[in-house]
Amino acid sequence: MSTAFEPIRVGRFTARNRVVMAPMTRSRAYGDGASPTALMATYYGQRAGAGLIVTEGIQPSAVGQGYVTTPGLHSAEQVAAWRQVTAAVHERGGLIFAQLMHTGRIGHPDLYATDGTLVPVGASAVRAAGQAYTPQGPRDFVTPEPLDAAGIARTIADYTAAASNAIAAGFDGVELHGANGYLLHQFLSTNANQRDDEWGATVSGRIRLTVEVARSVATAIGADRLGLRISPSNPFNDIVEDDHRATYRALVDELNPLGLAYLHIGEGPDAEFTAELRARWTGTLILNPYTPEAFTGPEALKLIETGATDLVSYGALFLANPDLVERLRAGGPFNTPDYTKAYGGDHEGYTDYPALAE
């Protein structure tokens, strides 16, 4: 029987434990050109005791941004700034993967640092219900511009370039965000993707963009430095997946031969499906369990002991507990997250949560 505090192989690396810091948007990239700051380096460095840190979502291109003051990995300035973050984690013996998050239709022209002519892109011209939070306040989502063949090729190239930038910035690897209603998930869905070409219409068409991005990135940086996050049946950001089981069976079958570092499941309402994906996936599995109306707690570590997953990812508890691994080992106590300071702001609610030793 495995336990959460034993090392495990994750791609080309050995994680010193099986507790993962899940990606969490914090909206504190106040550096020039959507760059990370020294405060972000402190934040991630504090949490380097995790077996693996997966960063907040990082846009691979300007049009991939969906939230205020989120960081990018598409300029030399951003690459240079990320080096202070990766150095802070590595100095403490940690592993850190950059999550590449293209938000697709979950964006707004007011978020882009351009002349206002750049518009969100998506699988089809289907506007998402809801609003974007922009520097000018809440704005209704707009109808995205459907990606044509050239746009799809450009998007794949953007992901690939951002992944190479991540390695240049000192990251150990990259996680593709294929979940939570963002661009890759939009292509996987049956409401956001209404295409009748080879990038939609059928299960094989809808999974194609995710597969092609994974193949391209794996070629660029090595499959053993690449993970993918998915969230089957998750309706977040106005997503509908009428045939999600067929979709994710096909996706896993296509990705298995690539030899990715891991598959990261953000479990949705169909939690029973996770066991099937676990059996189908031949590589390392990270699970963020479905815990509606609550956050993942210490009891989730039992999923490692039963073999339901190889690693467990924590969001809220890592937000509030920089030394979460030690607290889990000790059985607590745990700081309570202050969600009023989750997005934006300064060090309060970010780097000032106390460690047990304090």
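**Aromatic pairs, pockets and a cavity**

The count comes to 6 aromatic pairs (rings of Phe, Tyr and Trp, the latter by its six-membered ring, with centres within 6.5 Å; planes under 30 degrees apart are stacked, over 60 edge-to-face, the rest tilted). This is a predicted model, in which local features need pLDDT of at least 70 and side-chain atom pairs pLDDT 80 or more, while totals for chains, interfaces and linings use all residues. Residues are numbered from 1 along each chain as its sequence is written, and side-chain values use heavy atoms, without hydrogens and water.

**Exercise 1.** Classify the aromatic pair of Phe13 and Phe97 and place both residues in the chain.

*Solution.*
- Step 1: The ring centres of Phe13 and Phe97 lie 6.2 Å apart, with 80 degrees between the planes, and the pair is edge-to-face.
- Step 2: Phe13 belongs to strand E2 (residues 13-15) and Phe97 to strand E5 (residues 96-100), so the pair links distant parts of the chain, 84 residues apart (strands are DSSP runs of at least two residues and helices, H or I, of at least four, numbered from the N terminus).
- Step 3: Phe13 has a relative accessible area of 15% and is therefore buried (under 20%; exposed is over 50%, partly exposed in between; 1.4 Å probe, protein chains only).
- Step 4: Phe97 is likewise buried, because its relative accessible area is 1%.
- Step 5: Tyr262 joins Phe13 and Phe97 in one aromatic cluster.

**Exercise 2.** Describe the largest pocket by volume, lining and residue class.

*Solution.*
- Step 1: The volume of the largest pocket is about 1,400 Å³.
- Step 2: Its lining comprises 49 residues, and Pro23, Met24, Asn180, Phe236 and Tyr343 lie nearest the centre.
- Step 3: Strand E7 (131-134) and helix H10 (316-320) are the elements that give two or more residues to this lining.
- Step 4: The lining of the largest pocket divides into 26 nonpolar, 20 polar and 3 charged residues (Asp, Glu, Lys and Arg are charged; Ala, Val, Leu, Ile, Met, Phe, Trp, Tyr, Cys and Pro nonpolar; the others, with Gly, polar).

**Exercise 3.** Describe the second largest pocket in the same terms.

*Solution.*
- Step 1: The second largest pocket has a volume of about 250 Å³.
- Step 2: Of its 17 lining residues, Ala34, Gln65, Leu111, Tyr112 and Ala113 lie nearest the centre.
- Step 3: This lining holds 8 nonpolar, 8 polar and 1 charged residues. (Pockets are open sets of points on a 1 Å grid over the protein atoms alone, with protein on both sides within 12 Å along at least five of seven lines; a cavity is a set where a 1.4 Å probe fits but cannot get out; lining residues have an atom within 4 Å of a point.)

Note on methods: Grid points are joined across faces, edges and corners, and a volume is the space filled by probe spheres set on the points.
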